[in-house]
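Trainee: Could you take me slowly through one part of this molecule, the open sheet and what lies across it? I would like to follow how its strands are arranged.

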Amino acid sequence: NTFDFNFIHYNYNLAGLPDYDLSQNGVALSTVGFLPDTLITEATKATVDNESAVTLALSASALTITGNGATLRDLTSYQLYDLAKSFLRDNYSGESETIVTRAGIEIDGRALDVNLSYVNYTGDMTTTGVITLLNGSTFSGTRTDANGTVLPLRNISVAGLAAGSRIRIYNETTSAQIVNAVVSGTSYTAQYAEGAGYSANDVLSLRVTKIDKLEAIASVVVGSTGWTALVSQDSNPVYAAHGVNGATVTGISWDSGNMEFDFNDSDNNIDGADIGAWYYYFITTEIGIAEAFGALVWSQVNKITNASDKVAITFDNIKSTPLQINNCWIDRADGVSIIALTSNSIQINPPAVFNSSIADVALVKAKTDLLNFTGTDIKATLDGEDVTTDAASREASKGLSVAENTKLFGLPTEETIIQAQKDAIY
């Protein structure tokens with residue numbers, strides 16, 4: 001006359017009376033010991049049943065959670081527990097444990113395979129079975145199954161871009177280029193799985209280019225949930241002043257193997273500033289931003305310097321006809337010739353008047369100002385030494401007048417010369 005009794009109520013934990021002697025005691029529900037189910041979020045079962053567009057199907061080995069079969073439905077781990085408890089209540093057959101259990105935001109599917117179909121799931125999940133995403137379902141959280149652990153997607157955000165810029169993201173830690181693409185808008189956003197291109201604490205370097213902007217760079221350390229960067233792209237005043245679209249400049253190409261600008265100009269003449277314009281076009285290409293970024297410093301329309309400490313390059317005229325590069329001073333920061341040793345003839349013709357730098361101009365002006373001489377010692381004055389003179393000394397430093405020279409050396413006066421000219425005529 002002993003029986004095992006099992007009880008279920010949506011709002012309470014499962015309960016039972018094992019080996020209960022019904023002949024002697026009857027069934028006294030007060031002895032069952034119902035305890036509230038503290039994992040329930042929505043206390044009203046009818047609300048759970050009516051408000052959700054998600055249905056459950058349960059087999060011996062799998063739990064399938066399906067949206068409306070056409071569009072994705074949002075579902076949290078809290079809602080899934082409530083749905084599973086309601087489903088068990090309606091289909092109860094004496095089970096001694098719930099279909100799933102929950103700890104915080106994590107659902108424990110026990111040993112079940114869990115299939116998510118047409119569902120945007122938010123929360124964590126673990127099972128010794130397999131979690132499968134079907135029909136476009138997404139999973140926002142950490143999931144662990146027989147195949148291992150999949151961490152939630154990490155977020156990337158790069159702001160401050162000029163629309164149409166090219167961005168290159170290079171992982172310095174793994175020595176791998178991750179992104180090299182043109183961004184149509186003013187920001188770049190993406191998601192990634194941990195370890196897919198980026199991992200926490202990786203160091204990244206960013207390069208950003210646009211044809212009329214100066215190069216922009218940024219350095220980022222990847223965080224546990226992703227990474228962000230803010231870049232600033234300044235206008236390129238020299239490019240604007242030259243007024244030539246670098247994309248239209250012909251006769252120049254890039255030699256990756258030799259790190260050279262190869263010249264094959266149709267008329268064997270090129271304006272030096274066009275090289276600068278072409279460079280700013282080239283670094284907006286996939287190869288250019290990766291290999292030649294930072295190679296040139298175009299400080300003035302008629303002055304270009306190869307920043308050899310960043311990317312050392314040379315010029316190579318691949319034609320047998322000599323090449324004339326006109327109206328520009330071109331050099332390398334390290335003092336090495338910009339012309340490749342194996343190049344055919346290149347003649348660089350700088351402008352007749354050239355200011356090497358603003359600092360040089362300021363120095364010349366300062367020395368020139370000193371020629372407004374106020375002292376008796378010219379060398380001391382030009383060397384910047386203090387010289388004190390009196391009025392008589394300053395007056396003496398001006399030299400003799402014309403009249404004084406005439407008297408001193410017995411030269412004819414201006415009036416005497418004019419009269420002599422008249423006498424010769426008449």
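Mentor: Arg-102 stands opposite Ile-107 in strand S7, and this facing pair is a good place to begin in what is a predicted model. Strand S6 and strand S7, the latter made of residues 106-108, pair in the antiparallel sense over 3 bridges. These two strands belong to an open sheet of 5 strands, which follow one another in the order S6-S7-S10-S13-S14 with mixed pairing. Strand S6 (101-103) and strand S14 (148-150) stand at the edges and have a single partner strand each, so one side of each is left without a neighbour in the sheet. Going from strand to strand, you will find that neighbours in this sheet are turned by 20° against each other on average, with direction ignored. As you look at the strands, keep in mind that side chains in a regular strand alternate between the two faces of the sheet.

Now turn to the helix that accompanies these strands. Helix H3, which covers residues 77-90, lies across S6, S7 and strand S10 (124-126), and H3 runs at about 155° to S6.

For a contrast in pairing, look further along the chain, where strand S16 (residues 165-171) and strand S17 (residues 176-183) pair in the antiparallel sense over 7 bridges. Here Ser-165 stands opposite Val-183 in S17, while the hairpin of S16 and S17 has 4 residues between the strands, and in this hairpin Ser-175 takes a positive phi near 55°.

Definitions and conventions:
Residues numbered from 1 in each chain as written. Predicted model: local features only at pLDDT ≥ 70, side-chain atom pairs only at ≥ 80, totals over all residues. Heavy atoms only, no water. Pairing = 2+ DSSP bridges. Axes fitted to C-alpha atoms, helices over the stretch in contact; angles between N-to-C directions. Contact = heavy atoms within 4.5 Å.
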